[in-house]
Amino acid sequence: MGVPAELAERMSMAEQHEYLRSRFSRRTMVKGGAVTLGAIAGGVFVPGAVAQAAVPSQASATYAATSGESVDGALVSPFGRHLAFGNDPSTEVTVSWQVPINVKKPFVRIGAHPWDLSRKIEAEVRTLYTPAGVGASGDHTQYYLHAKLTHLRPGKTYYYGVGHAGFDPAEAHLLGTLGTFTTAPDRAVPFTFTAFGDEGVGYHGLANNSLLLGQNPAFHLHAGDICYADPAGAGQTADAGFDSRTWDLFLAQTESVAKSVPWMPAYGNHDMEAWYSPNGYGGEDARWNLPDNGPDKANLPGVYSFVYGNTAVISLDANDVSFEIPANLGISGGTQTKWLEAQLKKYRASRDIDFVVIFFHHCAYCTSTAHSSEGGVRNEWVPLFEKYTVDLVINGHNHQYERTDVIKKNAVVKKLPIGGTAYPETEGVVYVTAGAAGRSLYAFSAPDSYEGHVADLDSVAAFVNTKDGKVNETVAWSRVRYLNYSFLRVDVQPAHKGRTATLTVRGIAETGAEIDRFTVARKAK
């Protein structure tokens, strides 16, 4: 049996191969079923049924509730540390991590110096249980821990350590487990951030991560399809190949960066793990603790915003508007789009904010032969991006690097060659697809064109996903194309004494070579 037609239509050959391999290499096939999720704070979680649940056995339920009670905490080492900003990045940071089995009294220690970790904050445990018969992961319980730190000082570096009863990072022999983070400043200062999408677990994701710290980013944006525990990515309980343990590998892989750089994700189609909750995000709720300032009752935990210095960043959930992969199409009932406009209006009215950067998964504009462009995004959000002169839009979904000219009303307002400058206030919006973080690469319909290897074309074949299916189009806005692993670096320079504020955006290859560079400029308010 091959890949179902409805899946094959939106998967590359590499993805189809992986789908078939994962589906037929395991002993037990997915036969409907669900997973249970609970949150505890030092207490006991008893698994409960959810829609279409495959009720776990009594033995496995007992294990999920009691494991770790007789284990010496000194023998259990935390792993997978990852940071996230709170609603105010200058005063709030969440420290998250995993433990392989349940532990007692988990906590974070924090202080201004590694020898002064006197402040101790209790952590919350979120237990994620995946019963046998759901994908390839077997009977598996994961323990995610979160401690939200508040009332921090802006622009200050803190030392922290994570622990539990029997494992105290303040002890001399465990000082090597400490991490650091720096809160956002309370004023406009120069800073750098990085971004990519579609990382997964593997050599190329690890290689890109090894370059990120060298950029000294203040934070990192992950534009969806985070670890690919669900390789099918249709957002259905019938998706084959799901393995919850992939998250353990992913968080261990990214810890070298995420333990000191806030790792801010948006959710993609492969992040809709339908076994955990009706919206597919129950598992994500266990793993991440993100800002909670998104639209009320939208059922979209990956939608939020934060301000760092002079730059506002907005994370959106394109699954809500995707015609191509409709598992969550319309889930917010339009509230996400209303919230987006309110955020844009607020940020554009603020004298302290120069730039608005938006990131999400499905591409507004891309010429990939795999997914190409998403018509739902163009219909719902692009008019707002143009109305409020958004400075930069970052996407994933297509596993390659592509950058557009300056676009307005689906047309090129100005060509933007490598090294060029865009002025969004008077011109239009620039879109970057940065989906080559680590997963198997896709293809373009036109030759590569990047720094040192320019092959300009003003006519490129593509298509857009609409409510009626794929519609072919010929576009003139595809200015930079690079078919290899890469990520995005953005340097923010505030305006001084009435001068121009700038975003210098660079595409960086896995080798460290620069493949693209352009500037977004905006006059000081």
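Is K105 buried or exposed? At 68% relative accessibility, K105 counts as exposed. Let's start there and work inwards; please keep in mind that this is a predicted model.

## Two positive phi values

K105 sits in the loop that runs between strand 3 and strand 4 (107–111). Its backbone deserves a look too: phi of K105 is near 50°, a positive value in a residue other than glycine. For background, most residues other than glycine have a negative phi.

D198 also has a positive phi, near 65°, and is likewise a residue other than glycine. Its place is the loop between strand 10 and helix 4. Here the surroundings are another matter: with 0% relative accessibility, D198 counts as buried, whereas K105 is exposed at 68%.

## Strands and their partners

Strand 2 (residues 79–85) is a good place to meet the sheets. Six of its seven residues are buried, so strand 2 is largely enclosed by the rest of the structure. Strand 2 runs antiparallel to strand 3 (residues 93–99), and five bridges join the two. Within this pairing, A84 stands opposite T94 of strand 3.

Elsewhere, three strands make an open sheet in the order 16-23-24, with mixed pairing. Strand 16 (373–374) and strand 24 (469–475) are at the edges with a single partner strand each, so one side of each has no neighbour in the sheet. Strand 16 pairs with strand 23 (residues 460–466) in the parallel sense, over two bridges. E374 is found opposite N465 in strand 23.

## Aromatic pairs

The model holds 23 aromatic pairs. One of them joins F219 and F306 edge-to-face, with 5.2 Å centre to centre and 90° between the planes. This pair links distant parts of the chain, 87 residues apart: F219 belongs to the loop between helix 4 (203–212) and strand 11 (220–223), and F306 to strand 13 (residues 304–308). F219 is buried, with a relative accessible area of 0%, and F306 is buried as well, at 1%.

What kind of pair do W247 and W288 form? Their ring centres are 6.3 Å apart and their planes stand at 80°, so the pair is edge-to-face. It, too, links distant parts of the chain: W247 lies in helix 5 (residues 246–258) and W288 in the loop between helix 6 (282–287) and strand 13, 41 residues apart. Both W247 and W288 are buried. Returning to F219 and F306, ring pairs link them with F85, F191, F193 and Y308 into a cluster.

Two lysines lie over ring faces. K156 is over the face of Y158, 5.7 Å from the ring centre, and K470 is over the face of F463, 4.8 Å from the ring centre.

## Around helix 4 and H222

Helix 4 has five residues to note here: G205, A207, N208, N209 and L212 are its buried residues. Their cover includes strand 10 (191–196), strand 11, helix 5, strand 12 (263–266) and strand 26 (486–493).

Strand 11 also carries H222, which is buried with a relative accessible area of 0%. Beyond residues up to four places away in sequence, H222 touches F196, G197, D198, E199, F250, W263, M264, P265, A266 and F359. D198, with its positive phi, is thus a contact of H222.

## The nonpolar core and W381

The largest nonpolar core has 123 residues, and those touching the most other members are F219, L221, L316, L340, I358 and F385. Setting aside neighbours within four places in sequence, L340 is in contact with I314, L316, I358, W381, L384 and F385.

W381 occupies the loop between helix 8 (375–380) and helix 9 (382–387), and is buried at 0% relative accessible area. Which residues does W381 contact, leaving aside its neighbours within four places in sequence? They are L316, D317, A318, V321, Q336, T337, L340 and F360. W381 and L316 are 65 residues apart in sequence and 9.9 Å apart in space, C-alpha to C-alpha. With T337, the side chain of W381 makes a polar contact, side chain to side chain, at 3.1 Å.

Definitions and conventions. Residues numbered from 1 in each chain as written. Predicted model: local features only at pLDDT ≥ 70, side-chain atom pairs only at ≥ 80, totals over all residues. Heavy atoms only, no water. Pairing = 2+ DSSP bridges. Helix = DSSP H or I, 4+ residues; strand = E, 2+ residues; numbered from the N terminus. Buried < 20%, exposed > 50% of the residue type's maximum accessible area, 1.4 Å probe, protein only. Phe/Tyr/Trp six-rings, centres within 6.5 Å; stacked < 30°, edge-to-face > 60°. Lys NZ or Arg CZ within 6 Å of the ring centre and 35° of its normal. Contact = heavy atoms within 4.5 Å. Core = buried A, V, L, I, M, F, W, Y, C linked by side-chain atoms within 4.5 Å. Polar contact = N/O pair within 3.5 Å; in protein donor to acceptor, adjacent residues only side chain to side chain.
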